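Here are a few short exercises to work through with the model open beside you. Try each task before reading its solution.

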Amino acid sequence: MAAPVKSTVDTPTSSVQNLTIGKALNLGLRRAMEADDKVIVMGEDVGKLGGVFRITDGLQKDFGEHRVLDTPLAESGIIGTAVGLAVRGYRPVCEIQFEGFIFPGFDQISSQVAKLHYRTQGKVKVPIVIRVPFGGGIGAVEHHSESPESLFSHIAGLKVVSCSNPVDAYWMIQQAISADDPVLFFEPKRLYHSGALKAPVDTAATPDPLFASRVLRRGDAATLVAYGPSVKVCLDAATAAEEEGRSLEVIDLRTLSPLDLEPVFESVRRTGRLITVSEASAESSLTSEIAARVQQECFYSLEAPVLRVTGFDTPYPPSKLEEHFLPDLDRVLHAVDRALDW
């Protein structure tokens with residue numbers, strides 16, 4: 001592998017940059033590639049096009065075609081190739097163009113990526129990052145707006161995380177790449193270029209640990225727990241509830257496997273009420289696991305049943321119906337009302 005190519009992007013004199021989630025991911029990938037020439041980005045259209053969402057824009061120009069690879073439209077081949085590269089000491093970062101396209105690679109992920117380290121009793125590491133743009137809200141057709149994160153969180157041997165803001169996007173992608181375990185990195189694609197979420201990112205700061213949840217907003221009436229695109233919905237709900245004199249605590253899970261639920265337990269022991277929010281269907285989901293664990297750990301603190309606000313147990317609908325499918329402000333506030341009135 002040749003030495004890393006010097007970036008042609010001007011480096012700001014300040015360590016603080018105002019970024020969207022998409023720009024933060026791009027910068028995080030760039031920093032990881034500058035730090036380690038074993039980091040390789042690969043996927044459909046990630047090179048010359050810069051990805052369909054432009055998250056890898058400019059990387060091939062700066063680092064070369066040997067480190068940013070445009071692959072065939074074959075997810076099984078992408079993941080299988082990444083396994084071989086990882087075994088040989090590289091750190092491949094695979095982009096799955098849309099979450100619904102990941103299933104041709106599901107066998108590779110569940111049978112090889114998740115198992116090799118365990119199967120070889122720790123002799124073989126598989127430091128692969130699989131980037132998965134997920135969730136709805138972009139008016140796309142079938143297989144372009146799904147939320148399959150619960151499927152992968154169930155597979156032992158995989159780590160699963162999801163960012164919800166530019167600061168986490170910048171740091172978490174670098175932390176995932178530097179991890180020796182395989183990481184599925186779920187990115188809320190409808191928020192990639194949201195100006196409303198644009199935020200200052202201090203590239204010289206010390207980041208939070210990768211596999212840790214975070215309390216974003218303190219409150220005492222009820223606890224809202226979410227991840228990825230649903231975090232913004234919960235923060236908006238907390239702001240709206242405050243106008244009515246209700247103080248809601250909001251927790252961003254950030255890590256889906258392993259789940260870091262200690263902050264959730266601590267919060268529920270104070271508030272007595274929990275609402276979990278996710279775009280995924282409710283049946284056999286992460287919201288189910290959270291509800292079960294909180295009931296087990298906080299049974300005597302609960303003042304109401306754990307409530308879930310999720311997508312419906314149907315295939316993702318046509319775009320003209322998706323606003324009825326996705327958890328929104330009204331559905332979350334209705335759940336808060338139910339919990340408080342129990």
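**Exercise 1. Find what covers the buried residues of helix 4.**

Solution. Start with the buried residues (under 20% relative accessible area, with exposed over 50% and partly exposed in between, for a 1.4 Å probe and protein chains only). In helix 4 (106-113), these are Ile-109, Ser-110 and Val-113. Seen down the helix axis, they fall within an arc of 120 degrees, so they line one face of helix 4; the arc is that of the directions from the axis to the C-beta atoms. Next, look for contacts (heavy atoms within 4.5 Å). The cover includes helix 3, helix 5 (116-119), strand 5, helix 6 (149-153) and strand 7. Helices (H or I, at least four residues) and strands (E, at least two) are DSSP runs, numbered from the N terminus.

A word on the source: this is a predicted model, in which local features need pLDDT of at least 70 and side-chain atom pairs count only at pLDDT 80 or more, while totals for chains, interfaces and linings use all residues. Residues are numbered from 1 along each chain as its sequence is written, and side-chain values use heavy atoms, leaving out hydrogens and water.

**Exercise 2. Work out which helix gives the most to the largest nonpolar core.**

Solution. A nonpolar core is a set of buried Ala, Val, Leu, Ile, Met, Phe, Trp, Tyr and Cys residues joined through side-chain atoms within 4.5 Å. The largest has 44 residues, and Ile-128, Ile-130 and Phe-152 are among the members that touch the most others. Elements that each supply at least two residues include helix 3 (75-87), strand 5 (129-134) and strand 7 (183-188). Helix 3 gives the most, with six residues. To see one member's surroundings, select Ile-130: its contacts include Ile-79, Ile-109 and Leu-184, not counting residues up to four places away in sequence.

**Exercise 3. Decide which parts of the chain the salt bridge between Arg-131 and Glu-187 ties together.**

Solution. A salt bridge is a side-chain nitrogen of Lys or Arg within 4 Å of a carboxyl oxygen of Asp or Glu. The whole structure has 20 of them. For Arg-131 and Glu-187, the closest N and O atoms are 2.6 Å apart. Arg-131 lies in strand 5 and Glu-187 in strand 7, so the pair ties together parts 56 residues apart in sequence. Both residues are buried.

**Exercise 4. Is Asp-168 buried or exposed?**

Solution. Asp-168 has a relative accessible area of 3%, so Asp-168 is buried. Its salt bridge to Arg-214 has closest N and O atoms 2.9 Å apart. Arg-214, at 21%, counts as partly exposed. Finally, widen the view: Asp-168, Asp-208, Arg-214 and Arg-254 are linked in a salt-bridge network.
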